[in-house]
Amino acid sequence: MAGLLALSRAIDRANEFIGKSVSWLILLAILVSAANAVIRKIFDVSSNAWLELQWYLFGAAFMLAAAYTLKQNEHIRIDVVYGLFSRRVQHWIDLFGHLLFLMPFVTLMVIYFVPYVSLSFRSGEMSNNSGGLIIWPAKAILLVGFFLLALQGISEIIKKIAIMRGDMDDPNPFISAHEQAELEAKALADEVRS
């Protein structure tokens with residue numbers, strides 16, 4: 001189990017670095033969007049390439065940070081139902097969810113995206129929009145994003161098994177929305193007092 005936990009830590013570090021790094025793409029997308037809007041309004045000039053660049057940047061941030069979001073346990077789930085169960089049952093739900101839903105989905109996506117990206121790259125596929133960008137980088141970002149998500153899924157499965165066996169502490173203990181609100185209110189009250 002020690003070797004698997006080392007692999008899990010390596011995957012976590014890589015996805016954390018990538019997830020935090022790509023957050024800057026959102027700012028860049030906003031700047032491109034603002035510059036494009038200003039140029040369009042002032043000079044009555046527009047470019048499909050700039051619009052597509054915005055989409056590429058936002059898509060890259062979203063796809064490349066998906067694995068980091070999973071690592072941080074921030075993906076959406078139905079906490080109202082999830083919170084009714086003991087933490088042990090929650091771990092089983094997470095494990096089965098990763099094994100039966102996440103991993104088959106991301107595996108299929110990676111398998112299908114490899115030829116999809118390869119064909120796009122070899123053909124030099126361009127946007128259908130006049131003056132648009134080449135398409136393969138956006139498709140490659142999808143492939144990389146799903147690959148990183150698959151790796152993080154493996155890491156999460158390893159950690160769930162280790163937690164359930166007692167080989168490690170739970171890095172993301174579940175806190176209900178009500179408990180989270182109480183903690184935030186207490187922290188805010190403490191901050192106001194000091």
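The exercises below, each with a worked solution, concern the predicted model shown above.

**Exercise 1. Determine the secondary-structure content of the protein, and decide whether its chain is spread out or compact by the globule rule.**

Solution. Begin with the elements: the protein has seven helices and zero strands, so that reading along the sequence gives the pattern α-α-α-α-α-α-α. Next, take the radius of gyration, which is 21 Å and thus well over the 16 Å that the globule rule gives for 194 residues, so the protein is more spread out than a compact globule. The extents can then be set beside this result, since the C-alpha atoms fill a box of roughly 60 × 50 × 30 Å along the principal axes. Finally, consider burial and contacts: 31% of the 194 residues count as buried, and among contacts with a separation of 6 or more, 75% are made by residues 24 or more positions apart.

**Exercise 2. Identify the elements that give two or more residues to the largest nonpolar core, and the residues that touch the most other members.**

Solution. The core holds 23 residues, of which Leu-102, Met-103, Val-106, Phe-146 and Leu-149 touch the most other members. Turning to the elements, those that contribute two or more residues are α3 (48–71), α5 (87–123) and α6 (136–165), and the largest share, eight residues, comes from α6. To follow one of these members in detail, take Phe-146: leaving out residues up to four places away in sequence, Phe-146 touches Met-63, Phe-105, Val-106, Met-109, Val-110 and Phe-113.

**Exercise 3. Establish whether Asn-36 is buried or exposed, and list its contacts beyond four places in sequence.**

Solution. First locate the residue, which lies in helix α2 (residues 24–43). The relative accessibility of Asn-36 is 5%, and because the cut-off for burial is under 20%, this residue counts as buried. Once neighbours within four places in sequence are set aside, the contacts of Asn-36 are Ser-46, Ser-47, Trp-50, Leu-51 and Gln-54.

**Exercise 4. Classify Ser-130 as buried or exposed, and find the separation of its C-alpha atom from that of Ser-47.**

Solution. Ser-130 is placed in the loop between α5 and α6. Its relative accessible area is 63%, and since exposure requires over 50%, Ser-130 is exposed. Although Ser-130 and Ser-47 are 83 residues apart along the chain, their C-alpha atoms are separated by 8.6 Å. Ser-47 also appears in the preceding solution, as one of the residues in contact with Asn-36.

Definitions and conventions:
Residues are numbered from 1 along each chain as its sequence is written. This is a predicted model: local features need pLDDT of at least 70, side-chain atom pairs count only at pLDDT 80 or more; totals for chains, interfaces and linings use all residues. Side-chain values use heavy atoms; hydrogens and water are left out. Helices (H or I, at least four residues) and strands (E, at least two) are DSSP runs, numbered from the N terminus. Buried means under 20% relative accessible area, exposed over 50%, partly exposed in between (1.4 Å probe, protein chains only). Contact means heavy atoms within 4.5 Å. A nonpolar core is a set of buried Ala, Val, Leu, Ile, Met, Phe, Trp, Tyr and Cys residues joined through side-chain atoms within 4.5 Å. The radius of gyration is taken over C-alpha atoms; the globule rule is 2.2 Å times the number of residues to the power 0.38.
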